[in-house]
Amino acid sequence: MGPRQGEMRSVAFYLSVMMSCIVRISAQIKYSVPEEVKVGSVVGNVAKDLGLDISSLEERRFRIVSASGDAQFEVSQNNGVLSVHKNIDREALCESVSPCLLNLKMVVENPMEIHYVAIEITDVNDNSPRFKVEEHLIQIPESTLPGKRFQLPIAHDPDIGINTVRVYKVNQNEYFNIQIRETREDKIPLLILQKPLDREKKYMHEVVLTAVDGGNPQRTGNLNVTVIVLDINDNNPVFSQEEYSVTIAENINTDTSVITVKATDLDEGINGEIEYFFDDQIDNNLYNIFSLHKNTGEIRVKGDIDFEKVDIFKLNVYATDKGQPPMSTDCRVIIKVVDVNDNKPEIEVTSLSGMVPENANPGTVVSLISITDKDSGLNGKVVCSLSDDVPFDLKPSFQNNMYSLVLKSRLDRESVAHYEIQITATDCGEPPLSTFKTLSIEVSDVNDNSPEFSHNPVEFYLVENNVAGKPIFSVTASDNDLNENAALVYHVVREENSHKNVAFLNINTETGQVSALKSFDYESTKTFQFHVVASDSGSPSLSSNVTVNVFILDQNDNPPVILYPLSSNGSAEGVEEIPRNVDAGHLVTKVRAYDPDIGYNGWLLFSLQEVSDHSLFNLDRYTGQIKTLRPFTETDEAEHKLVILVKDNGNVSLSATATVIVKVVEPKEAFAASDVKSSTKADEDNDVTFYLMITLASVSALFLISIIVLIAMQCSKSTDYTSKYLPEPNYDGTLCHSIQYRSGDKRYMLVGPRMSIGSTIVPGSHANTLVLPDRRQTSGEVRSLNYAAC
């Protein structure tokens, strides 16, 4: 054996092993065999039909592995012939199923193959027709007319097809014949009366009914039918009316009598006794609603009567006598139900907009409402209304009891944000019934409110020398809208004509807090005005502005300034020469000073800080005049040094000092020195005099302008105001002060050269006081003090 042959055998071996693991399923083979065939009968050669090698069937274990026929068949491994193993009864295997199929599964091994074989069991006529009973009794009145049909029992044949029952026959007689009524499933025999019966001649008839199948040979089955002829009950019961009609109200009490029907029968005895029954075809529910007395014919209420379910009842009542056979007749009873107002209206909201914008136009549909009432007539007619004082209305639709809830007037969420609308539906019954339903409607916000400031204009008082960058005050606005419509943003209006200080203001856009980027000085700016705009975040945005008047309040931040004495080098030092022979009270000199601050901060007081002889000189604390207290003596020094302290009245007092050297000279020297001094000081005094003249002229001009403006404003009744000064009758040309204050609706100005620290300003006192009516409408009481050097 060569190598090539060895390889081929190996391949063949592996292929055989692989094929032995493969299961091959062939197509189905079908055989037909009649039932009741002899056991051992050959059905067919399965191996041959499947193309199997007959010689290998035993080796490959050719066999039936399963069968729906419960081993009705067997297969031979010798020749592959399929044969009948047990008696086959088609009716036992398949009953009435057609065709009757038995499925066999056949297996051969090496390789494994599965074959399916179907065997159809064909029917043979091996069963006779059979009736369920052997005898059947029929009672026929002798008055029955010819042609009357009586249904007879049917016969059953287990066979199928042509082998089942085909025809019915009766034995030959003169009274009866047979008729067959065919249906899809059966043939029904009907016994037909051919001629009238006479009980007196023959009260019983024997009829044999024969059922014949269609097999070959035919098989038959018989039924003995006994016909009993009954005596004549020749009068039917008769109702007094063919149709009875009655009306009842719904919700009538149970066991209430409705109507009584009456029938009569002319027969006597048992044939004339009548019983009443409802029609067998009546709805079963009516048995729960009405009852019929069997003997009297009285109909009573048994259950609930509801007009909304049934408004009319139609009953068929049968009157049957007790004759044999019983005879009956029927009548119609119509019971009409009258509606009672026992149902409240029902409110159904088919569509509801639970949120309505406050800018919705009148006529906007908010909801669709359906009103139903199960009652009828006036009881079902409904009148619908709304609760009072709501901006909504009900509009009826073209359909009955359909309404539209529409907006009647404008909404304002800020006034009313939520509505509880009560709908009342009332029917027109007696008594009327009502139903209530509450609808909740929210009013959604729209941006229809501008921000509002609580006060306009707003006045703020700011002490000078504030810390730059720190908040100084805040403005606050409110918006009655909601959410983003009420979210406010602040900004300062900056225009070309705005005050210069506006550029140094910064505002927090969210809180309205205003900060100053610089420190303010009262002496430079006493008041200024600016505008703040508050805008909401709605769409479109709404805004409003407020005017802010800022008043700078004075601080004691300026020390007094010495005007006299003033030396050429700028120091507050001067020399005064007086004769030795002056008397007490002689005016030596006058110290002049001023303070840029106002009020108590600018109110100056003079005192001697240093003096060589306290018994010689006196200093007026208000005017700064230095006078002698006594005449000079020979023992007094010729030169005296006076240090004068000028101090304001601020909380933290500021001061300045001036030095006056008083030289005491002989009278002649004093006159000469006076002339020389006058000539030498003429030039120095010229400059001071010039500046004083300018100052006085400016003050006078301002005074006149103030008077004119005040008169004009009084005439025009303007709300602005200005200061007005009254002349001081005792004015001596020294420094004086004015005080302004306001109380209630009046403003006062006090002008005077001298005031003591403990003095009190009395609003009722008008001495040296100009009373100006204040036409500005301000909240609360505001007092302002103004001290100015004059």
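**Notes on a strand-rich stretch of the model**

1. Let's begin with two strands that sit side by side. Strand 22 and strand 25 (residues 312–321) run antiparallel and are joined by five bridges. To see one of the links, find glutamate 275, whose bridge partner in strand 25 is threonine 320. Please keep in mind as you look that this is a predicted model.

2. Now widen the view. Which order do the strands of this open sheet follow? There are four of them, in the order 19-26-25-22, and their pairing is mixed. Strand 19 (243–249) and strand 22 (274–278) are at the edges; each has a single partner strand, so one side of each lacks a neighbour in the sheet. From one strand to the next, the twist averages 25 degrees.

3. Several of these strands turn up again in the largest nonpolar core. This core has 28 residues, and Phe290, Val317 and Val333 are the members that touch the most others. Strand 19, strand 20 (257–260), strand 22, strand 23 (290–292), strand 24 (298–301), strand 25 and strand 26 (328–338) each give two or more residues to it. A second, separate core holds 27 residues, including Val502, Tyr522, Phe530 and Ile598. As background, nonpolar side chains tend to be buried together in soluble globular proteins.

4. Valine 317 is a good residue to click on. What does valine 317 contact, leaving aside its neighbours within four places in sequence? Among its contacts are Phe239, Val261, Tyr276, Phe277, Phe278, Leu292 and Ile299. Thr329, Asp330, Cys331 and Val333 are in contact with valine 317 too. One of these contacts, cysteine 331, is buried, with a relative accessible area of 1%.

5. Phenylalanine 278, another contact of valine 317, brings us to the aromatic rings. How many aromatic pairs does the structure hold? The count is 12. In one pair, the ring centres of phenylalanine 278 and tyrosine 287 are 6.1 Å apart and their planes meet at 75 degrees; planes over 60 degrees apart count as edge-to-face, so this pair is edge-to-face. Phenylalanine 278 is buried, at 9% relative accessibility, whereas tyrosine 287 is partly exposed, at 33%.

6. Compare that with tyrosine 461 and phenylalanine 551. Their ring centres are 5.2 Å apart and their planes are at 20 degrees, so the pair is stacked. Tyrosine 461 lies in strand 36 (residues 458–463) and phenylalanine 551 in strand 43 (residues 543–553), so that the pair links distant parts of the chain, 90 residues apart. Both rings belong to partly exposed residues: tyrosine 461 has 41% relative accessibility and phenylalanine 551 has 22%. Elsewhere, ring pairs link Phe460, Phe473, Phe520, Phe528 and Phe530 into a cluster.

7. Next, look at strand 17 (residues 220–230), which is mostly covered, with eight of its 11 residues buried. Strand 10 (residues 135–141) pairs with strand 17 in the parallel sense, over seven bridges. In that pairing, look for histidine 136, which stands opposite valine 225 of strand 17. Strand 16 (residues 204–213) also pairs with strand 17, here in the antiparallel sense and over nine bridges. Methionine 204 has isoleucine 228 as its bridge partner in strand 17. Strand 16 and strand 17 form a hairpin, with six residues between them.

8. How many disulfides does a search of the whole structure find? The search finds one, formed by cysteine 94 and cysteine 100, whose sulfur atoms are 1.8 Å apart. The torsion about their S-S bond is about 60 degrees, so the disulfide is right-handed. Both cysteine 94 and cysteine 100 are buried. Cysteine 384 is buried as well, with a relative accessible area of 15%.

9. Last stop: leucine 439, found in strand 34 (residues 434–444). Is leucine 439 buried or exposed? Its relative accessible area is 4%, and buried means under 20%, so leucine 439 is buried. Not counting residues up to four places away in sequence, leucine 439 touches Val349, Leu352, Ile369, Leu405, Tyr419, Glu420, Ile421 and Ile423. Glycine 354 is 85 residues from leucine 439 in sequence, and their C-alpha atoms are 8.4 Å apart in space.

Conventions: Residues are numbered from 1 along each chain as its sequence is written. This is a predicted model: local features need pLDDT of at least 70, side-chain atom pairs count only at pLDDT 80 or more; totals for chains, interfaces and linings use all residues. Side-chain values use heavy atoms; hydrogens and water are left out. A disulfide is a pair of cysteine sulfur atoms within 2.5 Å. Buried means under 20% relative accessible area, exposed over 50%, partly exposed in between (1.4 Å probe, protein chains only). Two strands pair if DSSP finds at least two bridges between them. Helices (H or I, at least four residues) and strands (E, at least two) are DSSP runs, numbered from the N terminus. Axes are lines fitted to C-alpha atoms, for helices over the stretch in contact, and angles run from 0 to 180 degrees between N-to-C directions. Contact means heavy atoms within 4.5 Å. A nonpolar core is a set of buried Ala, Val, Leu, Ile, Met, Phe, Trp, Tyr and Cys residues joined through side-chain atoms within 4.5 Å. Rings of Phe, Tyr and Trp (its six-membered ring) pair if their centres lie within 6.5 Å; planes under 30 degrees apart count as stacked, over 60 as edge-to-face and the rest as tilted.
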